[in-house]
Amino acid sequence: MVFLGGQVLPGNVGRAILGPFADQRAVDALNHSLGVDRPLLVQYGTWIWNFLHGDMGTSYIFRAPVAPFVIDALGNSMKLALVAFVLVVPIGILGGVIAALNLNRPLDRIISLGGLSVTVLPEFVTGIILILVFGVWLRWLPIAAAWPKGAGVLTQLYYLILPSLPLFLVLFGYIARMARSGMIEALDSDYTRTAVLKGLPWRTVIWRHVLRNALLPTITVIATQTGYLIGGLVVIETLFRYQGIGSLIFTAARGKDFPMLEAGILTIGIVYAVATLVADFLYSVLNPRIRLGAEQ
Amino acid sequence: MSATDTPAALPAPDTARRSPWGEVLHSLLRSGTFLTGLAILLFWVVCALFGEHFVPYDPLDADIINTLAPPSADHWFGTDQLGRDVFSRVIVGSRDILTVAPLATILATIAGTALGLVIGYFRGIVDDIVSRVLEAFMAIPVVIIALLAIVALGTSKATVIVVIGLSFAPIIARTVRSAVLAERELDYVAAAKLRHEGALHTMFVEILPNVIPPILVETTVRLGYAIFAVATLSFMGFGIQPPSPDWGLSISNNYGMIGGGFWWTVLFDAMAIASLVIGVNLVADGVHGAFND
């Protein structure tokens with residue numbers, strides 16, 4: 001399991017992403033004759049150097065520095081992603097755990113099949129259906145994620161529920177499935193049998209022995225879904241007209257605003273790297289084997 | 001006719017003993033999941049191929065005096081903002097996505113299989129380098145890759161096929177690689193080496209036929225994701241272009257008005273995408289089950 005974690009979560013993937021991104025940047029730059037008089041490596045070097053110093057370049061469209069746009073958008077996206085994550089992680093894990101404890105009974109079938117069906121649907125399809133049901137027919141939730149200026153946290157949250165639901169649905173299936181298979185494996189293991197035979201109450205066995213082991217692979221999955229989530233954000237933010245990093249990249253791509261595009265994508269690369277690191281850290285905190293080693 | 005003739009029901013001319021493929025087919029035909037998915041998929045394939053001959057209206061014909069009409073006996077699914085019949089558009093709209101997504105999947109399968117065979121067979125430094133590059137590539141969301149590629153190359157069906165095909169190739173390569181790693185240790189590969197067969201011959205003639213099952217499973221799974229990706233790109237305006245009645249494109253053209261209550265302009269397209277994606281995933285699930293039981 002530790003080996004698997006190491007394979008799936010190497011800390012350097014995030015850094016590796018910067019390679020292909022930079023290369024794409026170079027390709028784009030070349031194609032559109034953006035300062036091709038200088039050698040690409042020099043351009044790339046200056047760009048990275050400036051980026052590290054907080055200068056992300058100047059937008060072609062807005063004729064203004066890119067940084068404030070990117071930072072605002074990133075903040076908005078983080079809010080949206082946070083709402084989706086706060087909803088999906090506990091509910092997804094709970095769904096998987098319930099499914100595993102009711103293995104092959106109707107409840108398990110419903111959770112597994114339902115989770116799988118909503119996971120495979122594109123976000124804009126579930127988004128449209130949710131907008132129609134909750135925004136247009138029931139009129140419970142606003143259909144665009146644009147709250148009045150200066151709105152409080154609760155109002156913002158109210159506007160963010162509908163956009164976060166499609167992301168929730170896509171992630172729910174993955175997380176529930178991983179939690180389910182992790183649980184099944186843990187329930188079937190020798191240590192669980194030992195714990196039961198040693199006379200521990202079932203509840204304690206589940207909480208102390210099964211859950212902790214079962215959730216390790218789930219955390220790995222949650223981390224790998226960060227990249228996926230970013231792709232989903234592009235779609236969702238467009239659909240709900242939300243000023244996040246996804247719609248920033250989308251608008252920049254459409255308007256061929258390269259400094260904005262590059263800054264947006266590099267920011268995503270950094271976010272991805274940080275998310276991977278955090279997942280790595282969480283994994284080691286939760287892994288009883290690693291902690292046991294520290295105690296000795 | 002002799003008694004040894006294969007019954008006409010079996011598609012492949014099987015050898016005398018019961019072939020593993022026959023067994024797979026047998027278990028597929030008994031799988032409810034697979035048959036349901038296949039039925040949905042076949043329905044849309046028929047719509048894509050022959051839809052334009054049986055729909056009540058031309059899906060591209062505008063009717064200016066009859067725009068945004070709600071569903072009625074004349075227009076079962078209503079009309080859109082140009083007065084085009086939504087029912088006809090939904091039926092014929094299956095065509096582009098059912099051309100682009102399978103072609104992208106085939107490209108991904110061919111490229112991924114070739115790559116996977118090579119890195120799985122040679123291992124060592126080639127494998128190390130290529131695998132790291134593939135991992136990095138897989139970490140980037142397809143939507144982002146597609147966005148960049150399409151900005152650089154311009155929008156066309158060919159670009160979409162190439163972008164999706166190449167973004168999925170690493171995933172198939174990874175599957176093929178792990179299958180090849182197991183196969184290359186077997187005796188028949190050693191025998192081929194002893195016969196001084198070339199590396200290419202060993203890879204494509206000896207190993208390839210034995211790793212077909214995982215490739216087939218991965219391909220059907222990828223087809224589901226390809227439909228997902230094509231629909232999403234069309235919705236974003238980077239995929240199939242107007243005036244095609246494509247579903248994603250129609251939703252993107254009409255969703256701005258759903259606040260006004262014109263639900264029929266997007267709901268049926270959304271349901272069509274949902275049914276196709278779920279259908280393909282049911283098929284993939286069935287194929288996966290048939291090969292792993």
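**Exercises on a predicted two-helix packing and chain confidence**

In this predicted model, chain A has an average pLDDT of 71, and 71% of its residues score at least 70.

**Exercise 1. Determine where in chain A confidence is lowest and where it is highest.**

Solution. Begin with the helices. Helix 1 (residues 2-8) of chain A has the lowest confidence, with a mean of 31, while helix 4 (residues 67-101) of chain A has the highest, at 85. Next, examine the stretches of low pLDDT. Residues 1-41 of chain A have a pLDDT below 50, yet this stretch has 57 contacts in the model beyond near neighbours in sequence. Finally, turn to residues 292-296 of chain A: pLDDT stays under 50 there as well, and the model has zero contacts for them beyond four places in sequence.

**Exercise 2. Describe the secondary structure and the contacts of chain A.**

Solution. First, count the elements: chain A has 12 helices and zero strands. Second, consider burial: of the 296 residues in chain A, 42% are buried. Third, consider separation in sequence. Among contacts in chain A with a separation of 6 or more, 73% join residues 24 or more positions apart.

**Exercise 3. Classify the packing of helix 4 of chain A against helix 10 of chain A, and identify the residues in contact.**

Solution. Take the geometry first. The axes of helix 4 of chain A and helix 10 (residues 245-254) of chain A are 7 Å apart, and the helices pack at an angle of about 135°. Helix 4 of chain A is therefore oblique to helix 10 of chain A. Next, list the residues. Helix 4 of chain A contributes F69(A), V70(A), A73(A), L74(A) and S77(A), and helix 10 of chain A contributes I245(A), G246(A) and L248(A). By class, this contact has six nonpolar, two polar and no charged residues.

**Exercise 4. Classify the packing of helix 7 of chain B against helix 10 of chain B, and give the handedness of the crossing.**

Solution. Start with the axes: those of helix 7 (residues 157-183) of chain B and helix 10 (residues 212-236) of chain B come within 10 Å and cross at roughly 155°. Angles over 145 degrees count as roughly antiparallel, so helix 7 of chain B and helix 10 of chain B are roughly antiparallel to each other. The crossing of helix 7 of chain B past helix 10 of chain B is right-handed. The residues in contact include F168(B) and I172(B) of helix 7 of chain B, and R222(B) and Y225(B) of helix 10 of chain B. By class, the contact of these helices comprises 14 nonpolar, one polar and two charged residues.

Note on methods
Residues numbered from 1 in each chain as written. Chains lettered and ligands numbered in written order. Predicted model: local features only at pLDDT ≥ 70, side-chain atom pairs only at ≥ 80, totals over all residues. Axes fitted to C-alpha atoms, helices over the stretch in contact; angles between N-to-C directions. Helix = DSSP H or I, 4+ residues; strand = E, 2+ residues; numbered from the N terminus. Parallel < 35°, antiparallel > 145°, perpendicular 65-115°, else oblique. Left-handed = near helix turned anticlockwise from the far one by under 90°. Contact = placed C-beta atoms within 7 Å. Nonpolar A, V, L, I, M, F, W, Y, C, P; charged D, E, K, R; others polar. pLDDT = per-residue confidence, 0-100. Buried ≥ 20, exposed ≤ 12 C-beta atoms within 10 Å, placed from the backbone.
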